[in-house]
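This report goes through one protein model, taking the strands, a long stretch of helix, a pocket and a single residue in turn. The sequence and structure are shown here for reference.

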Amino acid sequence: VLLQLHASLLTGLPGEIFLALIGLIFLAALVSGVVLYAPFARRLGFGEIRRTGSRRLRWLDLHNVIGIVTLAWAGVVGATGVMNGLATPLFGIWQLRDVAPVLAPYAHDAAIIPTAPLSSAITAATSTVQDSEVSFVTFPTHLYGSPDHYVVWVKGRSKLRAQMLTPVLVDARDGHVAFVARMPWYLRALELSRPLHFSNYGGPILKILWAALDVFTIAV
């Protein structure tokens, strides 16, 4: 529930688009904050907190210091959050432009019962896309797949390429590779933005760091 609240405010696509717009506003606030901080930084030493003035002045100094220290992290999380918010329309564009023409000849076919072994489909897909392994497989279906093919989703073996999925259509009758759907650059950017946004690539220590930086950003 919390993940859906964070991703879409529990409202689906409208919430995702709204949060992407909020992310853009957040990035604009970061840029304007840097512009405002530049003349301020010339008057005081880096990290200096004025303790002789008012409480509001101390809070201003603390705001500026924490903000500039966490700027790079906030920029990364903000930019990747915008990308995540646009995930549904970006995948929709890819499906309309690249996938639909390939699946059009099979649109009116009934979903077949596969005769080719799943193991042979997996072997064919991983042999076609070099240095890859299987992430998951969709059986013949009209829903997010093809009625005549296995869709074998493969990913790379390295830390970076493990975030990049490639769908391979394998004929469910004889097991030959029919089509490799190469992902466009904007979906590759989206795939790489997800682990950065959720800190899913560095283990629990990085998640603790992300949580701490979240708290600092809330304080700012």
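V152 in strand β2 has V168 in β3 as its bridge partner. The model in which this pair is found is predicted.

**Strands**

Strand β2 covers residues 149-156, and 7 of its 8 residues are buried. β2 runs antiparallel to β1, to which it is joined by 6 bridges, and also antiparallel to β3, to which it is joined by 7 bridges. On the β1 side, S132 stands opposite G156 of β2. In a regular strand, side chains alternate between the two faces of the sheet.

| Strand pair | Residues of the partner of β2 | Bridges | Direction |
|---|---|---|---|
| β1 and β2 | 132-138 | 6 | antiparallel |
| β2 and β3 | 165-171 | 7 | antiparallel |

**Helix α2**

Helix α2 consists of 31 residues, 13-43. At 1.5 Å a residue it should span 45 Å, and the distance of 46 Å between its end C-alpha atoms therefore agrees with that expectation. A kink of about 30° is nevertheless present in α2 at Y37, shortly before the proline P39.

Y37 is also one of the buried residues of α2, together with G15, E16, A20, G23, L30 and F40. The elements that cover the buried residues of α2 include α1 (2-8), α3 (55-69), α4 (71-85) and α5 (87-103). An α-helix has 3.6 residues a turn, so residues three or four places apart point the same way.

**The largest pocket**

The largest pocket has a volume of about 920 Å³. It is lined by 31 residues, of which H6, A7, G81, H197 and F198 are the closest to its centre. Which helix gives the largest share of the lining? That share, 8 residues, comes from α4. At least two lining residues are supplied by each of α1, α2, α4, α5, α7 (185-198) and α8.

**T217 in helix α8**

Helix α8 spans residues 203-219 and contains T217. Is T217 buried or partly exposed? Its relative accessibility is 21%, and buried means under 20%, so T217 counts as partly exposed.

Leaving aside residues up to four places away in sequence, T217 touches F26 and W73. T217 and W73 are 144 residues apart along the chain, while their C-alpha atoms are separated by 9.5 Å.

Note on methods
Residues numbered from 1 in each chain as written. Predicted model: local features only at pLDDT ≥ 70, side-chain atom pairs only at ≥ 80, totals over all residues. Heavy atoms only, no water. Helix = DSSP H or I, 4+ residues; strand = E, 2+ residues; numbered from the N terminus. Buried < 20%, exposed > 50% of the residue type's maximum accessible area, 1.4 Å probe, protein only. Contact = heavy atoms within 4.5 Å. Pairing = 2+ DSSP bridges. Expected span 1.5 Å × (residues − 1). Bend = angle between axes of the 7 residues up to and from the residue. 1 Å grid on protein atoms, 1.4 Å probe; cavity = no way out; pocket = protein on both sides within 12 Å on 5 of 7 lines; lining within 4 Å. Points joined across faces, edges and corners; volume = space filled by probe spheres on them.
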